[in-house]
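Welcome! Below are a few exercises to work through with the structure beside you, each followed by a worked solution. Take them at your own pace.

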Amino acid sequence: GFEVFVPPKHTIELYEKILQQGAQFGVLPIGLGARDTLRLEMGMILYGNDLAENYTPIEASLSWCVRPQKGEFLGRETIIRQIEMGVPRKLVGISMSDIGIPRHGYRVFCEQKEIGEITSGSFSPTLNQGIALAYIDSAVVLAKKRIGVEIRDKNLHAKIVKIPFIQPNPSYRSD
């Protein structure tokens, strides 16, 4: 998917043209819920949820985006320390083993101890299960322990999985 930015006075005209031209291909409008589910299935990080002032790019596995050697920037010392020493928490993918939909702010547990929090979560129509991104204690990630997500006062079984949740189609070409 993609986003289109146009001057406000042209939005309705553009929207109608896209729908008209796209009708022959089955193009239908979707809402933010669908967009959010699609980006979550692909493990795409949403600023404000999965990356914010209280999370570093290193914790979010985005070290490839940071170049400390290029000079000074806000948080540089923290970034360098985390690259060298590791991080106390890490952004991971979570898939529900039990039936339940993890949502933003839900708590994550391991052996009755709170170890993190869901930053983005939804039901995946592609996988037919609940999936989420969450920051959890790095030691739990390394130990590959079983985890649980508190949903409606119940600790439901879940597991840490590799993101993206859905593997990209190798035959897809963007050109």
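A salt bridge here is a side-chain nitrogen of Lys or Arg within 4 Å of a carboxyl oxygen of Asp or Glu. The model is a predicted one, in which local features need pLDDT of at least 70, side-chain atom pairs count only at pLDDT 80 or more, and totals for chains, interfaces and linings use all residues. Residues are numbered from 1 along each chain as its sequence is written, and side-chain values use heavy atoms, with hydrogens and water left out.

**Exercise 1. Salt bridges**

Find the partners of Arg107 and say which parts of the chain its bridge to Glu150 links.

Step 1. Start with the principle: side chains of opposite charge can pair when their charged atoms come close.

Step 2. Look around Arg107. Its salt bridge with Glu150 has the closest N and O atoms 3.0 Å apart. This pair links distant parts of the chain, with Arg107 in strand β2 (residues 107–110) and Glu150 in strand β5 (residues 147–151), 43 residues apart. Strands (E, at least two residues) and helices (H or I, at least four) are DSSP runs, numbered from the N terminus.

Step 3. Arg107 also forms a salt bridge with Glu114, where the closest N and O atoms are 3.2 Å apart.

Step 4. Check the exposure. A residue is buried under 20% relative accessible area, exposed over 50%, and partly exposed in between (1.4 Å probe, protein chains only). Arg107 is partly exposed at 33%, Glu114 is partly exposed at 42%, and Glu150 is partly exposed at 24%.

Now try another pair: where in the chain do Lys145 and Glu111 lie?

Step 1. Lys145 and Glu111 form a salt bridge, with 3.8 Å between the closest N and O atoms.

Step 2. Lys145 sits in the loop between α4 (138–143) and β5, while Glu111 sits in the loop between β2 and β3 (113–124), so the pair, 34 residues apart, links distant parts of the chain.

Step 3. Lys145 counts as partly exposed at 36% relative accessibility, whereas Glu111 counts as exposed at 62%.

Step 4. Salt bridges with shared partners also join Asp36, Arg39 and Asp50 into one network. The structure holds 8 salt bridges.

**Exercise 2. The faces of a helix**

Work out which residues of helix α3 are buried and which are exposed.

Step 1. Recall the geometry: an α-helix has 3.6 residues a turn, so residues three or four places apart point the same way.

Step 2. In α3 (residues 76–85), the buried residues are Arg76, Ile79 and Gln82. Viewed down the axis of α3, they fall within an arc of 130 degrees, so they line one face of the helix. The arc is that of the directions from the helix axis to the C-beta atoms.

Step 3. Turn to the other side of α3, where Glu77, Glu84 and Met85 are exposed.

Step 4. Go just past α3 to Gly86, which takes a positive phi of about 95 degrees.

**Exercise 3. The barrel**

In what order do the strands close into a barrel?

Step 1. There are 6 strands in the barrel, in the order β1-β4-β3-β2-β5-β6, and the pairing is antiparallel. Two strands pair if DSSP finds at least two bridges between them.

Step 2. Follow the pairing of strand β1 (residues 89–96) with β6, which is antiparallel over 4 bridges.

Step 3. Locate Ile94, which stands opposite Ile160 in β6.

**Exercise 4. Backbone surprises**

Which values of phi do Asn128 and Arg152 take?

Step 1. Keep the usual case in mind: most residues other than glycine have a negative phi, and most peptide bonds are trans.

Step 2. Asn128 has a positive phi near 60 degrees. Asn128 is in the loop between β3 and β4 (129–137) and counts as exposed at 59% relative accessibility.

Step 3. Arg152 is not a glycine either, yet its phi is positive, about 50 degrees. Arg152 is found in the loop between β5 and β6 and counts as exposed at 76% relative accessibility.

Step 4. Finish with the peptide bond from Ile163 to Pro164, which is cis, with omega near 10 degrees. Pro164 is placed in the segment after β6 (154–161).
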